[in-house]
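Student: I should like to understand how the terms applied to this protein are justified. May we examine the structure together?
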Amino acid sequence: MNVQAKMNIQAELPSDVEGLAHQIDPLSRRGFFLAASAAAAAGYTLAAGPVRADAIQTDTNGLTVGDAKVKVADGEMPVYFARPANATNPPVILVAMEIFGLHEYIKDVTRRLAKLGAFAIAPDYYFRKGEDLTKITEMPKLMPIVNSKPDAELLSDLDATAAWAKSQGGDTNRLGIIGFCRGGRTVWEYSAHNKDLKAGVAFYGTVVDPDAQKSIWPKSATALAPEMKAPVLGLYGEADQGIPVAQVEAMKAALQAAGKTAEFKIYPGAPHGFHADYRASYRKEAAEDGWSQMQAWFKKYKVLG
């Protein structure tokens, strides 16, 4: 692929993906666009690149975990869930994944939340395309799939996931949502959608959308600021080259102007994907602090006990 072709592809990347692309040598064909076999062997997305040897692995001791199907308007959506084995009526936390599919990192985050006492569910809401996103090796193939997901369908899928959790004994009176990268954007969108949501935590979720997405993504997170129905904690990296600090500050100002409850923390020197412990973007100190901030936020708003 020549340099101009690469520049054209990167120019079309939404900001959440652009932040990842900048972490790789822009001329490296074997960086962002070709992934390591180690990723596949470990159950991680190929598109995200080589897996760090010390990626966090959370055991299932004391948990009930598994795969399930959730009824949605046009079929059955796969989900991965984890919950405390003996808990009755646990709080429900939806886990909104990155663009790379329902891979091992997202499943591990789901188990980590279950260890905190939550019934955590990660829905595979790109399932309608019939592709295993964790096996796609090139961004030009991946992006049209994830960018074709309409917000209306996404929000409906999340509502269906919450309803399923309630049918399985989860306490949706204590409903939260957490998301990473594109899933961070999902947190903002869902927080403006569901009046019953208690709190959300967005890890580096984009707050400004590309104009080309307007027909199926009607409003960006910033545009939705006056409509927020739940308090949201936004965790961002100062060195995120896809989501400038100025955009985060503008989102903060929009929320304040609308009288909405939100807090932000920007980690000095941290890139996009700083919580993704399987990628080179991982920053241990920021990731661990962000996880602690998330717990405190969910406890403050009565999602976690």
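Student: Which elements cover the buried residues of α9?
Tutor: In this predicted model, the cover includes the strands β3 (91–96), β5 (171–180), β6 (199–203), β7 (232–237) and β8 (262–267), together with the helix α4 (104–115).

Student: Which residues of α9 are called buried, and what makes them so?
Tutor: They are A286, A287, G290, W291, M294, Q295, W297 and F298. A residue is called buried when its relative accessible area is under 20%, so each of these falls below that cut-off.

Student: How do you know that the length of helix α9 agrees with its number of residues?
Tutor: Helix α9 has 17 residues, 284–300, and at 1.5 Å a residue these should span 24 Å. The C-alpha atoms at its ends are 24 Å apart, and therefore the two values agree.

Student: What is the sign of phi at K302, which follows α9?
Tutor: The phi of K302 is positive, near 65°.

Student: How many cavities of 30 Å³ or more does a search of the whole structure find?
Tutor: The search finds one. The largest cavity holds about 80 Å³ of space, so this value lies above the 30 Å³ cut-off.

Student: Which residues line the largest cavity, and how do they divide by character?
Tutor: The lining consists of Y125, Y126, V146, K149, D151, L154, R182, R185, T186 and W217. Five of the lining residues are nonpolar, one is polar and four are charged. Tyr counts as nonpolar, so Y125 and Y126 belong to the nonpolar group.

Student: Which helix supplies the largest share of that lining?
Tutor: That helix is α7, with three residues. Both α6 (151–167) and α7 (182–191) supply at least two residues each.

Notes
Residues are numbered from 1 along each chain as its sequence is written. This is a predicted model: local features need pLDDT of at least 70, side-chain atom pairs count only at pLDDT 80 or more; totals for chains, interfaces and linings use all residues. Side-chain values use heavy atoms; hydrogens and water are left out. On a 1 Å grid over the protein atoms alone, a cavity is a set of points where a 1.4 Å probe fits but cannot get out, and a pocket is an open set with protein on both sides within 12 Å along at least five of seven lines; lining residues have an atom within 4 Å of a point. Grid points are joined across faces, edges and corners, and a volume is the space filled by probe spheres set on the points. Helices (H or I, at least four residues) and strands (E, at least two) are DSSP runs, numbered from the N terminus. The expected span of a helix is 1.5 Å times one less than its number of residues. Buried means under 20% relative accessible area, exposed over 50%, partly exposed in between (1.4 Å probe, protein chains only). Contact means heavy atoms within 4.5 Å.
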